[in-house]
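Here is a friendly walk through one protein structure. Please keep the sequence and the 3D view at hand as you read.

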Amino acid sequence: MALVRWQPINDFATLQSDMNRLFNNFFEPGRDTEGWTGSRWTPAMDLAEQDDHYVLTADLPGLSEPDISIEVEDRTLTISGERKSERESSGGNYHRLERATGSFSRSLVLPDGVDPEQIEAHFDKGVLRIEIPKPAQTKPHRIDIQVGKEQRQLEEQAS
């Protein structure tokens, strides 16, 4: 076993780094006096592949359908919206605020050939489900070679 000499200066450097991180997070832009504002909220999303389509599921608790926007532009699907604060500024002393509010935007690049008109979205109980059909794949097509009359006659005579 090797002996390691204790150096207290290393502990002070770690403490200083932790304090810097604490103050940077506390005073960074996007924080107001009541809690975190919109730049902090990023809803969780899952993307799954099915046989003939993709399924994008996003957790959007506290939102209703008018609070959400879904757009497709240049193969980019963008989900955006805003969750407004339910707190009253005049009431109560808050000891802990963890529910983020404000606007959000999430984007996903779609594969080539996806028809935006075929995308379907469903919203129920705070969960957004978007079904994105896969683009039609080009399948190889075999082309039969036609044999000229003379060649066919030679083949018939040989058999």
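The report below covers a sheet, a nonpolar core and a surface patch.

## The three-stranded sheet

This is a predicted model. Let's begin with an open sheet of three strands, whose order is 5-6-7 and whose pairing is antiparallel. Strand 5 (68-73) and strand 7 (102-109) form its edges, each pairing on one side only. From one strand to the next, the twist averages 15°.

If you zoom in on strand 6, you will find residues 76-83. Eight bridges join strand 6 to strand 7 in the antiparallel sense. As one example to look up, Ser80 has Ser105 in strand 7 as its bridge partner. In general, the strands of a sheet pair through backbone hydrogen bonds, either parallel or antiparallel.

## The largest nonpolar core

Next comes the interior. The largest nonpolar core has 16 residues, and those that touch the most other members are Leu60, Ile79, Leu128, Ile130 and Ile132. At least two residues of this core come from each of strand 4 (53-59), strand 6 and strand 9 (127-133). Strand 9 gives the largest share, three residues.

In soluble globular proteins, nonpolar side chains tend to be buried together.

## A nonpolar patch on the surface

Now for the outside. Ile9, Phe12, Leu15, Met19 and Leu22 make a nonpolar surface patch of about 520 Å².

Where does Phe12 sit? Phe12 belongs to helix 1, which spans residues 8-27. Its relative accessible area is 55%, and exposed means over 50%, so Phe12 counts as exposed.

Conventions: Residues are numbered from 1 along each chain as its sequence is written. This is a predicted model: local features need pLDDT of at least 70, side-chain atom pairs count only at pLDDT 80 or more; totals for chains, interfaces and linings use all residues. Side-chain values use heavy atoms; hydrogens and water are left out. Two strands pair if DSSP finds at least two bridges between them. Helices (H or I, at least four residues) and strands (E, at least two) are DSSP runs, numbered from the N terminus. Axes are lines fitted to C-alpha atoms, for helices over the stretch in contact, and angles run from 0 to 180 degrees between N-to-C directions. Patches are made of residues with over 30% relative accessible area and no salt bridge: like charges are joined within 9 Å, nonpolar side chains (Val, Leu, Ile, Met, Phe, Trp, Tyr) within 5 Å. Accessible areas come from the Shrake-Rupley method with a 1.4 Å probe; for residues, only the protein chains shown count as cover. A salt bridge is a side-chain nitrogen of Lys or Arg within 4 Å of a carboxyl oxygen of Asp or Glu. Buried means under 20% relative accessible area, exposed over 50%, partly exposed in between (1.4 Å probe, protein chains only). A nonpolar core is a set of buried Ala, Val, Leu, Ile, Met, Phe, Trp, Tyr and Cys residues joined through side-chain atoms within 4.5 Å.
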